[in-house]
Amino acid sequence: MEQKPESLREAFGQVLEELGSTMPEIVAVGADTTESIRTSLFGDKFPDRLFNVGIAEQNMIGVSSGLALYGKKVICGTYMVFIERAIDQIRNTIGYCNLDVKIVGTHTGISVGPDGGSHQTIEDIAIMRALPNMKVVAPCDFYSTKAITREAITAKGPFYIRLPRSSLPGVYTDESIKIGKANLLRDGKDITIIANGIMVQEALKAAVSLKDAGISASVMDFHTIKPIDAEAIIKAATDTGRIITAEDHNIIGGLGSAVAEVLSTRRPTMIRMVGVNDTFGESGQPAELMSKYGISDRSIFENAKEMVKL
Amino acid sequence: MADIDFKDPNRRIGAPELKSIASEIREDILRMLSEAKSGHPGGSLSCTDILVSIYFGKMRHDPTNPKWNDRDRLLLSKGHAAPALYSVLSKCGYFPKEELMTLRKMDSRLQGHPDPKKLPGVEIPGGPEGIGLSEGIGMALAARIDKKPIRVYVITGDGELDEGEVWEAAMAAAKFKLDNLVAIVDQNGLQQEGPTANIMPSDPVSAKFKAFNWNVIEIDGNNIQEVLNALGQADKAKRIPTAIVAKTKKGKGVSFMEGKVEYHSKTISGEVLDKAIAEIRNGSKEGA
């Protein structure tokens, strides 16, 4: 039963606008993409608390840091590929000083589509999760984005909130998810698919095809990459003995690596990683690109079948 | 220094007294760096008079309550001048003087570059160049939202002007009409590998800030009276940020260090240190 796709950016913007009323300490900083990433919803309501610094991401991060060092709660963001030019500032101010800044990076992964490889961040999770103090989250639909945005903004300290460009069908019907706690979306006994972001939908589709092929697959939404829910990983490994990770990100350093770090040190288990195979993307429609770069439901399905045969 | 009320904006401490404090700071800087055996004397000595003028002669702050919400802020964007900042903070009373000699050592609060998590009085982290002006904008905007008469001072180096972020910030500060923001460019004319004129010419610095719609004041940054006058003038700016372009000497106060590139990050010890300190003490006895 396919639901109508909804914008995750819109979900983020709605929560920011809503919290702006009850939390006067919230301010936002944008970089000429405030409409697109929907911080404009907050800005329309609180024009004195949104600062647009133009196409100047380093300054966006620096200004955000200054606001946070003063004592404000700061939400800043733009397309993630542009934020990456300010990694120095993110590291040395937000990360180093554990500042109360939420970085919202949108248009992530190959699924960005027609804008092409220059805009498709496939390295962002690897970079951000290697920064001490930084928490990393990647929701998969409208309601989980709302829940995660609300919890991240309410919490103290730095977060990277990774949002895709695409609107996505609903997985959740309410805001019941919690940062740091993986969600079991489908229970199975032969294999566990650990996915996040846009790949949760793909994992669910793959699980249906696998069922038809006689393979029972669990699907888990790992919306939080850091801190990773290690207990959920170990339980999945114990229950099914096989793990596939699925993400719209390089196979180096992303969700797959985070899961492998837990498994290899605590419960060595067969694992395969579905992700972008250390290459840049190109222009195309999201579905075409996901198929070409091996991050579709098909790719999860094939890998799962092979693993179960082994 | 216990008798100075740093919270009083109308306190009057004359240039001669500030000059004498600056000499003590310079002596501290050289002793700390000698003990640490690494660090940056040249750029610490060049901005000493600016730091002393602001902390002792101008800024409202409270060493007994470093997180006082209504304090003015001093952001040392050229974080490698950490020894100068540390000595000033200690002399104001933020922490005991004995701690100065732990600079750059294991478990010290006096990190090689300032860390606001560790040391009271430090407002921003130091290290990579070019971030401080942006952070100053953030603080100035926050003060405006809260309708507080807080003033934000940012000290940048002139080598630091190579960083693109400085000019992103320069545009933004003018856009936001931040008359509570003052940038002081410590223009000592040298950077790590040579004269800024050779490595990356930043001049005409004043004309650049003017073109970016800033109020610009040019001074001799090693003349405390001129620094005080410029800080007073900056108070009067309305709906425009102020840049004080302060010409200084790198290594100021020690004849054989002044204007020498190698003292960007070369420390001294033994007889050379004694000679330098004797010079600084003699210099402080001359008229202000």
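Start by selecting B:W167, which is buried in this predicted model, its relative accessible area being 15%. Add B:F209, which at 1% relative accessibility is also counted as buried. The two rings form a tilted aromatic pair, with 5.1 Å from centre to centre and 45 degrees between the planes. This pair links distant parts of the chain, since B:W167 belongs to helix α6 (residues 164-175) of chain B and B:F209 to helix α8 (residues 205-211) of chain B, 42 residues apart. Extend the selection to B:F212 and B:W214, and you have one aromatic cluster made of B:W167, B:F209, B:F212 and B:W214.

Stay in chain B and move to the loop between α7 (196-199) and α8, where B:P204 is placed. The peptide bond that joins B:D203 and B:P204 is cis, with omega at about 0 degrees.

Next, select B:F6 and B:F56, one of the nine aromatic pairs that the structure holds over all chains. Their ring centres are 5.7 Å apart and their planes stand at 65 degrees, so this pair is edge-to-face. Here too distant parts of the chain are linked: B:F6 lies in the segment before α1 (15-36) of chain B, whereas B:F56 lies in helix α3 (residues 48-57) of chain B, 50 residues apart. Both B:F6 and B:F56 are buried.

From there, select B:K7 and B:W68 to see a charge over a ring, with B:K7 lying over the face of B:W68 at 4.7 Å from the ring centre. For a counterpart in chain A, select A:R49, whose charged end sits over the ring of A:F46, 4.3 Å from the centre of that ring.

Now turn to the nonpolar interior. Which residues touch the most other members of the largest nonpolar core? In this core of 79 residues, they are A:M128, B:I137, B:L181 and B:W214. The core draws at least three residues from each of domain 1 (8-162) and domain 2 (183-309) of chain A. Centre the view on A:M128 and, leaving aside its neighbours within four places in sequence, look for its contacts with A:M80, A:I87, A:I90, A:I103, A:M134, A:V136 and A:Y160. Another core, of 62 residues, lies apart from the largest one, and B:I21, B:L33, B:L85 and B:A230 are among its members.

Colour chain A by its two domains, domain 1 (8-162) and domain 2 (183-309). Their C-alpha centres lie 26 Å apart, and the contact between them takes 28 residues from domain 1 of chain A and 32 residues from domain 2 of chain A.

Within chain A, select A:P227 in the loop between β10 (224-226) and α10 (230-240); the peptide bond leading to A:P227 from A:K226 is cis, with omega near 0 degrees. Then go to A:D32, in the loop between β1 (26-30) and α2 (34-37) of chain A, where phi is near 65 degrees, a positive value in a residue other than glycine. A:D32 is partly exposed, at 49% relative accessibility.

Finish with the cysteines. The count of disulfides over all chains is zero. Select A:C97, which is buried with a relative accessible area of 9%; the closest cysteine sulfur to its own is that of A:C76, at 15 Å, too far for a bond. In chain B, the sulfur of B:C92 is 14 Å from the closest cysteine sulfur, in B:C47, and this is again too far for a bond.

Key. Residues are numbered from 1 along each chain as its sequence is written. Chains are lettered from A and ligands numbered from 1 in the order in which they are written. This is a predicted model: local features need pLDDT of at least 70, side-chain atom pairs count only at pLDDT 80 or more; totals for chains, interfaces and linings use all residues. Side-chain values use heavy atoms; hydrogens and water are left out. Rings of Phe, Tyr and Trp (its six-membered ring) pair if their centres lie within 6.5 Å; planes under 30 degrees apart count as stacked, over 60 as edge-to-face and the rest as tilted. Helices (H or I, at least four residues) and strands (E, at least two) are DSSP runs, numbered from the N terminus. Buried means under 20% relative accessible area, exposed over 50%, partly exposed in between (1.4 Å probe, protein chains only). A charge sits over a ring if NZ of Lys or CZ of Arg is within 6 Å of the ring centre and within 35 degrees of the ring normal. A nonpolar core is a set of buried Ala, Val, Leu, Ile, Met, Phe, Trp, Tyr and Cys residues joined through side-chain atoms within 4.5 Å. Domain bounds come from an automatic or database domain assignment. Contact means heavy atoms within 4.5 Å. A disulfide is a pair of cysteine sulfur atoms within 2.5 Å.
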